[in-house]
Amino acid sequence: MTAARPVPLLIVDDLPENLLALEALLRTDHLTFLRARSGEEALELLLKHDVALALLDVQMPGMDGFELAEFMRGNERSRRVPIIFVTAGSGDTHRRFRGYEAGAVDFIQKPIEPDVLRSKVGVFVDLHQQRLALADAADQLEVQVRQRTAELELAMRRLKEEVAERERAEASLRQSQKMEAVGQLTGGIAHDFNNMLTGIIGSLDMMRRRIADGRMDGIDRYLDTALGSAERAAALTHRLLAFARRQPLDPQPLDVAAILQSVAQLVSHALPENVRLRLDIPDGLPLVLADSNQLENAILNLAVNARDAMPDGGDLVISAARAVPLEGVIAGEFLLISVADTGQGMPPEVLEKVFEPFFTTKPIGQGTGLGLSMVYGFAQQSGGTVRIDSQPGAGTTIALTLPTTRSAPVPQSGVQPAARKGAGERVLVVEDEDAVRMLVREVLEELDYEAIEIADPAKALPCLASGEHIDLMISDIGMPGINGRELADEARRTRPDLPILFITGYAGHETTLADFLGPGMSLITKPFTLEKLARTIGELIGSSKVEASEQSS
């Protein structure tokens, strides 16, 4: 304890009897005395001890009390030691002034009154003990702070280690889930494509056998089977690209009310009698900016899923309304399209996976597991969102949010025109895939166009730079060396009005046609029907001739 620590007291007097007398008057258990008979001895003791108070005689040979006090005040170690002068001349104002100027805090007059001496010394002893107690408390507090700091640093290290371990575990889990999803995706694709390829290869093989045997019966049936399987394979790749948000979209201002009513008319024919269809579409809805075909497909997918979720009957509601802005989620004006059913609903573990490709709760053969993933990809690619709310036994609501537009709707043509016949116009075909290039060339020849085939896009550059007459260029986009877009830019340098038709099986950056295509350009995706190819070729060449005629007139 600080109170039990002896308090050192310095007494300085050249007369031994005075030293003994002062010590005798002040002696207590908690005081220790440092005696000095000269100023020099006192300074040596001050260098070795932390003194609570110095009692100095004024009249001493050599260094007197005032000079000693001045030395003490000039030394950093002793400058704060309280000094009381013990003198027989304290009544002399000049001496008192000199004493205070030298650093004294008080005077004690000789002959000494013991009570006065003990009282004044006691004040400074108490102050010294309090200072020691404060210093001990400060030291203890500093120790506690260091200990607490060390504990906090240790806790922080452990926390960082735990966070790092958790992040490693989460990364491992994500990688595991990713690989599981990739396995599910590739397995689903392989399963469906193997089925379709079996239909195609088997039918072609049967056709070859029958033709080799000179038999033509059943050829049409095998042909239809092969074509049907190929078309289903094409639909599968479109759905996969939709989920991957890599399908070329042609966003146009759309009247959602008209589209929902058209889809509802189709859906109504596919509903059993115990499912009631209701539309909730207010007047005055804004137009949305989206791809018409993909929006119709999305609504159809959601409606069919809703029907299948109600095997015992229920209500299917298709509605549209202005979306309430969600701060920090989406910015701008949006329209909300909802498809709700009163069916079985879904538990949370199913909800977590409904947008994964090839995940389905339907029996084998009744669902591909690509419908909702396609809707998800379409919404994301269109700048919107999709949200699903469902609980077991409480039905399901899927809400599609799409951006609105103030642009005027584009008039839709209900009947596709027949493919235009050519009149010997020259078409440059740049395609690195031999089978595709061969088919395009033969379509052109069937339609009375003249085809110029080039497999390497680099070899098309001299042709484009020459003065050779060309009415249209058909180009693949994904080709080695120079891609289709770069080739089109080169072509337009020397032939600014040349019509260009892109054909592609995968839309990388060209997922928004309005941004990708320039004037006089069009794009169709592989696999395409020959009829669509022929019709698009005719439209581009026909439009080009109309523009040329208008400019020359």
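## Helix packing, annotated aspartates and cis prolines in a predicted model

In helix 8, the residues Gln 294, Leu 295, Asn 297, Ala 298, Asn 301, Leu 302 and Asn 305 meet Gly 371, Leu 372, Met 374, Val 375 and Phe 378 of helix 10, where a contact means heavy atoms within 4.5 Å. Sorted by type, the residues of this contact are seven nonpolar, five polar and no charged, with Ala, Val, Leu, Ile, Met, Phe, Trp, Tyr, Cys and Pro counted as nonpolar, Asp, Glu, Lys and Arg as charged, and the others, Gly among them, as polar.

The model is predicted, and local features need pLDDT of at least 70, side-chain atom pairs count only at pLDDT 80 or more, while totals for chains, interfaces and linings use all residues. Residues are numbered from 1 along each chain as its sequence is written, and side-chain values use heavy atoms, with hydrogens and water left out.

Two packed helices are described by the angle between their axes and the distance between the axes. For helix 8 (residues 292-308) and helix 10 (residues 371-381), the axes come within 9 Å and cross at roughly 145°; the axes are lines fitted to C-alpha atoms, for helices over the stretch in contact, and angles run from 0 to 180 degrees between N-to-C directions. Helices (H or I, at least four residues) and strands (E, at least two) are DSSP runs, numbered from the N terminus. The crossing of helix 8 and helix 10 is left-handed, a term used if the near helix is turned anticlockwise from the far one by less than a right angle.

Within this contact, Asn 301 of helix 8 touches Gly 371, Met 374 and Val 375, not counting residues up to four places away in sequence. Asn 301 counts as buried because its relative accessible area is 17%, where buried means under 20%, exposed over 50% and partly exposed in between (1.4 Å probe, protein chains only).

The UniProt record, an unreviewed entry, places the feature "modified residue: 4-aspartylphosphate" at Asp 57 and Asp 476. These positions span 420 residues in sequence and the farthest two C-alpha atoms are 112.4 Å apart, so they do not all gather at one spot. UniProt positions are given in the numbering used here, feature names are shortened, and annotations may be inferred rather than shown by experiment.

Asp 57 is in strand 3 (residues 53-57) and is buried, with a relative accessible area of 6%. Leaving aside neighbours within four places in sequence, Asp 57 is in contact with Val 12, Asp 13, Asp 14, Gly 65, Val 86 and Lys 110. Asp 476 lies in strand 15 (residues 472-476) and is buried, with a relative accessible area of 5%. With its neighbours within four places likewise set aside, the contacts of Asp 476 are Val 430, Glu 431, Asp 432, Gly 484, Ile 503, Thr 504 and Lys 526.

Two of the lysines just named also take part in cis peptide bonds, as tabulated here.

| Cis peptide bond | Omega | Place of the proline |
|---|---|---|
| Lys 110 and Pro 111 | about -5° | loop between strand 5 (106-109) and helix 5 |
| Lys 526 and Pro 527 | about -10° | loop between strand 17 (521-525) and helix 15 (530-552) |

His 128 is placed in helix 5 (residues 114-212) and counts as buried at 5% relative accessibility. Apart from residues up to four places away in sequence, His 128 touches Val 7, Pro 8, Asp 50, Val 51 and Ala 52.
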